[in-house]
Amino acid sequence: MGMLEGKVAIVTGGTRGIGLAIVKAFLEEGASVALFGSRKETADKAVAELKAENADAKVVGLAPDLTSYEEVEKAVAQVKETFGKVDILANNAGISARESIYDYDPKAFENIINLNVNAVFYCSKAVAPIMKAQGGGSIINTSSMVSIYGQASGSGYPTSKFAVNGLTKSLARELGKDNIRVNAVLPGVTRTDMVAALPKEIVDRISATIPLGRVGEPEEVANAFVFLASDKASYITGATLTVDGATQV
């Protein structure tokens, strides 16, 4: 029996990279999953690929605008109607940035806060009443190692992840009485499409700064989500778990 047998999960940003790895890990551990994508086409494509791998996979795809609370609330209600409950929320959707402050479009800064912070709040707000009525649940937010160290450009990204950490710790304190646990996972450099496209010498240079000597795999980040979503983590809330190979910054 899987660690998440009989659970129902929502994974935002679940069509590729770390998000898709989380979806696959949740399915492998026995959960039913609703993955949220930025577009219906990509969500449907991810679901089709997952079902091609396993025809019995209990997975559906939706594409709400995560920066609209009304759309988020409607999508979460649809998941509850489909599966009967919501036990796990993985707030994984996000965008990054590399612009210098001298070139940073204020609108781009607003966009990153809208998706990386506001959407986390919206999704959490939408699932919290459902989880409370059920007697509990688990919310896990994707943060980043840059929420600890900052980064030398693209200040909107670490700013948003600092905010995610604060939201995580605050909601953990607020929702503990309702048996809703709230934690964050802080990935380091991970082999997503962006890293996979880099020349080998650049990946080698990055790896040399990591004590484990390599970049992380999406599946390794997903394993942290499985643990925090499971009953094995029943007394863990308000945690910010780094999965970064002890990266040196």
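This is a short chat about the pockets, the cavity and a surface patch of a predicted model.

Me: How much space lies in the largest pocket?
Reply: About 1400 Å³. The lining is made of 48 residues, and Gly94, Ser96, Tyr157, Thr192 and Met194 are the ones nearest the centre.

Me: Which elements give two or more residues to that lining?
Reply: Helix 1 (17–28), helix 5, helix 6 (156–175) and helix 7 (193–196).

Me: And how does that lining divide by class?
Reply: The largest pocket has 20 nonpolar, 22 polar and 6 charged residues in its lining.

Me: OK, what about the second largest pocket, how much space is there?
Reply: About 330 Å³. It has 19 lining residues, with Arg16, Gly17, Leu20, Ala21 and Lys24 closest to the centre.

Me: Which helix supplies the largest share there?
Reply: Helix 1, with 6 residues. By class, the lining of this second largest pocket has 8 charged, 6 nonpolar and 5 polar residues.

Me: Switching topic: how many cavities of 30 Å³ or more turn up?
Reply: The search of the whole structure finds 1, with a volume of about 30 Å³. Helix 4 (residues 106–134) gives the most to its lining, 4 residues. No charged residues line the cavity; 6 are nonpolar and 3 polar.

Me: Now the surface. Which residues make the nonpolar patch of about 320 Å²?
Reply: Ile148, Tyr149 and Val249. Ile148 sits in helix 5 (residues 146–149).

Me: Why does isoleucine 148 count as partly exposed?
Reply: Because its relative accessibility is 46%, and partly exposed covers the range between under 20% (buried) and over 50% (exposed).

Key
Residues numbered from 1 in each chain as written. Predicted model: local features only at pLDDT ≥ 70, side-chain atom pairs only at ≥ 80, totals over all residues. Heavy atoms only, no water. Patch = residues over 30% accessible without salt bridge, like charges linked within 9 Å, V, L, I, M, F, W, Y side chains within 5 Å. Areas by Shrake-Rupley, 256 points an atom, 1.4 Å probe, with all protein chains shown as cover. Salt bridge = Lys/Arg side-chain N within 4 Å of Asp/Glu carboxyl O. Buried < 20%, exposed > 50% of the residue type's maximum accessible area, 1.4 Å probe, protein only. 1 Å grid on protein atoms, 1.4 Å probe; cavity = no way out; pocket = protein on both sides within 12 Å on 5 of 7 lines; lining within 4 Å. Points joined across faces, edges and corners; volume = space filled by probe spheres on them. Nonpolar A, V, L, I, M, F, W, Y, C, P; charged D, E, K, R; others polar.
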